[in-house]
Amino acid sequence: MPLTFDGPIPDFTLPDLDGKEWTLFGLRGRKLLIYAWASW
Amino acid sequence: MQLPVWQQFISQEQAKSDFVFLTLAMDTQGSDAVRPWVERAGATFPTLVDKEGLVARNWEFKVVPNAWVFDETGALRYQKIGGFHIANEQDRAAVQAALALPAAADGIPPNVTTPSAPLLEDEVRLLHQGHVAEALERWFAAAEADMDNMIVRKQIWYLLHPERFKPEIDSEWQKEQRAREAALGVRTANPIPDSLR
């Protein structure tokens with residue numbers, strides 16, 4: 001099952017293309033839109 | 001490729017309202033595979049590279065493209081797994097509606113959990129150590145145990161058939177390859193050339 005609307009949301013920390021680290025929970029306080037894709 | 005459409009959408013929407021947009025590239029080959037697409041789109045938004053499939057495992061998805069909207073409290077307000085396209089009228093309207101929602105009322109918990117290990121961590125390590133065939137064998141086993149996992153299957157294809165992905169993505173070939181894998185199994189349909197052993 002993917003995420004649920006009332007269930008837990010696991011955090012993540014990942015680098016962007018410039019090597020800067022982003023943490024999901026660090027973005028709290030603003031609305032957030034995420035798009036997942038792949039070059040394939 | 002949706003990135004150019006996203007760039008246009010984000011320029012318009014962020015002029016009207018405040019939100020963070022980022023993309024998540026599920027590419028085992030890392031930044032080098034991802035960067036050309038981002039540059040070609042003239043993207044001004046950040047793209048995170050999830051080469052070990054950390055988010056795929058923890059958020060439990062096996063396909064892309066996907067989109068999510070979270071509000072200020074971190075609560076999930078929109079999710080579409082597979083087949084999301086920002087150029088699609090319905091998808092775009094759903095995202096706009098979710099972004100316009102007020103923050104969830106008090107009492108919604110912050111939903112903190114401890115992430116489990118990434119999906120492809122061991123295989124990516126093997127790849128980088130030059131043990132390509134070993135990484136592939138693990139992926140074959142994972143794909144055959146779960147044929148719905150297109151993230152794993154496409155990593156296999158990308159590694160063994162790079163000419164089908166660069167410079168252009170051969171969708172017709174992907175369709176044929178899915179049929180071959182359904183008939184023969186993933187391992188048999190993807191012979192490992194001696195050069196990778």
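1. At what angle do helix H7 (residues 150–160) of chain B and helix H8 (residues 171–184) of chain B pack, and how far apart are their axes? In this predicted model, the two helices of chain B pack at an angle of about 110°, and their axes are 12 Å apart. Because angles of 65 to 115 degrees count as roughly perpendicular, H7(B) is described as roughly perpendicular to H8(B).

2. The residues that make this contact can be listed from both sides: H7(B) contributes B:Met150, B:Arg153, B:Lys154 and B:Trp157, which meet B:Trp173, B:Gln174, B:Gln177, B:Arg178 and B:Glu181 of H8(B). Sorted by class, the contact of H7(B) with H8(B) comprises three nonpolar, two polar and four charged residues.

3. On salt bridges, the structure holds 14 over all chains. One of them pairs B:Arg187 with B:Glu144, with 3.5 Å between the closest N and O atoms. Since B:Arg187 belongs to helix H9 (residues 186–189) of chain B and B:Glu144 to helix H6 (residues 132–145) of chain B, the pair ties together parts that are 43 residues apart in sequence.

4. As for internal space, the structure contains one cavity of 30 Å³ or more, and the largest cavity holds about 80 Å³ of space. Its lining draws on chain A through A:Ile9, A:Leu24, A:Phe25, A:Leu27, A:Arg28, A:Arg30 and A:Leu32, and on chain B through B:Phe70, B:Asp71 and B:Gly74. By class, six nonpolar, one polar and three charged residues line the largest cavity.

Notes:
Residues are numbered from 1 along each chain as its sequence is written. Chains are lettered from A and ligands numbered from 1 in the order in which they are written. This is a predicted model: local features need pLDDT of at least 70, side-chain atom pairs count only at pLDDT 80 or more; totals for chains, interfaces and linings use all residues. Side-chain values use heavy atoms; hydrogens and water are left out. On a 1 Å grid over the protein atoms alone, a cavity is a set of points where a 1.4 Å probe fits but cannot get out, and a pocket is an open set with protein on both sides within 12 Å along at least five of seven lines; lining residues have an atom within 4 Å of a point. Grid points are joined across faces, edges and corners, and a volume is the space filled by probe spheres set on the points. Ala, Val, Leu, Ile, Met, Phe, Trp, Tyr, Cys and Pro count as nonpolar, Asp, Glu, Lys and Arg as charged, and the others, Gly among them, as polar. Axes are lines fitted to C-alpha atoms, for helices over the stretch in contact, and angles run from 0 to 180 degrees between N-to-C directions. Helices (H or I, at least four residues) and strands (E, at least two) are DSSP runs, numbered from the N terminus. Angles under 35 degrees count as roughly parallel, over 145 as roughly antiparallel, 65 to 115 as roughly perpendicular and the rest as oblique. Contact means heavy atoms within 4.5 Å. A salt bridge is a side-chain nitrogen of Lys or Arg within 4 Å of a carboxyl oxygen of Asp or Glu.
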